Amino acid sequence: IPSVKLPDFSQFGDIEREPMSRMMSATATNMQRSWLNVPHVTQFDEADITDMESFRKAQKAAGEKRGVKMTPLPFLLKACAVALAELPQFNVSLDMDKKEVVRKKYIHIGIAVDTPHGLMVPVIRDVDQKGLWELAAESAELAQKARDKQLKPKEMQGACFTITSLGGIGGTAFTPIVNTPEVAILGVSKAAMKPVWDGGDFQPRLMLPLSLSYDHRAVNGADAARFTSVLSQLLSDIRTLLL
Ligand code: CAO
């Protein structure tokens, strides 16, 4: 691809230059590799998390006893694990050289963590086999290790799928870049109260925006709409996570 020619910025005003950190340089390469290799599409949806949030808030005292904070992230991890099992075409990688699809029999999910030194993606293994408290404790521990630059290479490898949550910060939707060789990534934005029509009236419901980017070589649009519908149903009635 043609390179971007830089003008001499100092002709426009004062500037200073600094070397990129190793992490920034590695992230830039990975992002560009994914962006150029993957035909991206993003599917948007919403989940009604009114009941999930009241359940989550009711766990506050239990969380204090355990020393673990229950955020929306463990529910998202669990729902994604169920959706990946139900729609296994999302739990693959493409080997374009051999023209093969690699199907994974495990469910490991990466979580994007914003740190002062850059974006890191620790991986929670076997999410389908873990409970909400275990997922809450493990995601908090891995996020803290990421912020403290204490993650081991092994703790950042092997993800089948990634969740990137900007819900604690803000925004209504975004188009995340697939973390290749995974074939999909779920972006989560800030939940907001909205009037939802129940057939007779508008009800105030807490709605969570979901943005699923996927590799259109591996996944078709109908399956992406199915995936976010499954997520929306699971998060709207978390009892279904047990089924
Ligand atoms: N809507 C509304 N509120 C939300 C929310 C959502 N979708 N998700 C989290 N929150 C709330 C939490 O409940 C918490 O509020 P309370 O203290 O009142 O309970 C607050 O926001 C902070 O949550 P958190 O961000 O600390 O915890 P988390 O488990 O939701 O997220 C982590 C953990 C690691 C994903 C997050 O800290 C983080 O780093 N996010 C940024 C990821 C990122 O940079 N992605 C971009 C990658 S591509 O450039």
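**Exercise 1. Is Lys99 buried or exposed?** Work from the predicted model, and describe the backbone at this residue and at Asp126.

*Solution.*
Step 1. Locate Lys99: the residue lies in the loop between β2 (92-95) and β3 (100-103).
Step 2. Apply the cut-off. Exposed means over 50% relative accessible area. Lys99 has 68% relative accessibility and therefore counts as exposed.
Step 3. Examine the backbone. Phi of Lys99 is near 55°, a positive value in a residue other than glycine.
Step 4. Turn to Asp126, which is placed in the loop between β7 (123-124) and α5. Phi of Asp126 is near 45°, again a positive value in a residue that is not glycine. With a relative accessibility of 26%, Asp126 counts as partly exposed.
Step 5. Set these values in context: most residues other than glycine have a negative phi.

**Exercise 2. Find the cis peptide bond that involves Pro181 and state where Pro181 lies.**

*Solution.*
Step 1. The bond joins Thr180 and Pro181, with omega at about 5°.
Step 2. Pro181 belongs to the loop between β8 and β9.
Step 3. For context, most peptide bonds are trans.

**Exercise 3. Describe the surroundings of the ligand.**

*Solution.*
Step 1. Identify the residues. There are 21 residues around the ligand, and Lys69, Thr71, Asp114, Thr164 and Ala191 come nearest.
Step 2. Sort the shell by class: 10 residues are nonpolar, 6 are polar and 5 are charged.
Step 3. List the close polar atom pairs. Arg56 places a polar side-chain atom 3.3 Å from an oxygen atom of the ligand. For Arg147, a polar side-chain atom is 3.1 Å from a ligand oxygen atom. At Ser189, a polar backbone atom lies 3.0 Å from a nitrogen atom of the ligand.
Step 4. Assess coverage. On its own the ligand has 970 Å² of accessible area, of which the protein covers 68%.
Step 5. Assign the shell to elements. Those giving two or more residues are α4 (72-86), β5 (113-115), α5 (132-147) and β8 (161-165).

**Exercise 4. Characterise the largest nonpolar core and the contacts of Ile163.**

*Solution.*
Step 1. The core has 52 residues; Leu77, Phe90, Ile109, Phe161, Ile163, Phe227 and Leu235 touch the most other members.
Step 2. Two or more residues each come from α4, β4 (109-111), α5, β8, β9 (184-188), β11 (202-215) and α6 (221-236). The largest share, 9 residues, is given by α4.
Step 3. Beyond four places in sequence, the contacts of Ile163 include Leu73, Leu76, Leu77, Cys80, Ile109, Gly110, Leu186 and Val188.
Step 4. Follow the contact with Gly110, a residue of strand β4. Gly110 is buried, with a relative accessible area of 0%. Besides Ile163, the residues that Gly110 touches beyond four places in sequence include Val121, Pro122, Val123, Ala159 and Phe161.

**Exercise 5. Contrast the settings of Thr228 and Phe55.**

*Solution.*
Step 1. Thr228 is placed in helix α6, whereas Phe55 is in helix α2 (residues 50-58).
Step 2. Buried means under 20% relative accessible area. Thr228, at 0%, therefore counts as buried, whereas Phe55, at 38%, is partly exposed.
Step 3. The side chain of Thr228 makes a polar contact with the side chain of Asp45 (3.1 Å). Apart from residues up to four places away in sequence, Thr228 touches Gln43, Asp45, Leu210 and Leu212.
Step 4. By the same sequence criterion, Phe55 touches Phe75 and Ile238. Phe55 and Ile238 are 183 residues apart along the chain, yet their C-alpha atoms are separated by 9.2 Å.

Note on methods. Residues numbered from 1 in each chain as written. Predicted model: local features only at pLDDT ≥ 70, side-chain atom pairs only at ≥ 80, totals over all residues. Heavy atoms only, no water. Near = heavy atom within 4 Å. Polar contact = N/O pair within 3.5 Å; in protein donor to acceptor, adjacent residues only side chain to side chain. Areas by Shrake-Rupley, 256 points an atom, 1.4 Å probe, with all protein chains shown as cover. Helix = DSSP H or I, 4+ residues; strand = E, 2+ residues; numbered from the N terminus. Nonpolar A, V, L, I, M, F, W, Y, C, P; charged D, E, K, R; others polar. Core = buried A, V, L, I, M, F, W, Y, C linked by side-chain atoms within 4.5 Å. Buried < 20%, exposed > 50% of the residue type's maximum accessible area, 1.4 Å probe, protein only. Contact = heavy atoms within 4.5 Å.
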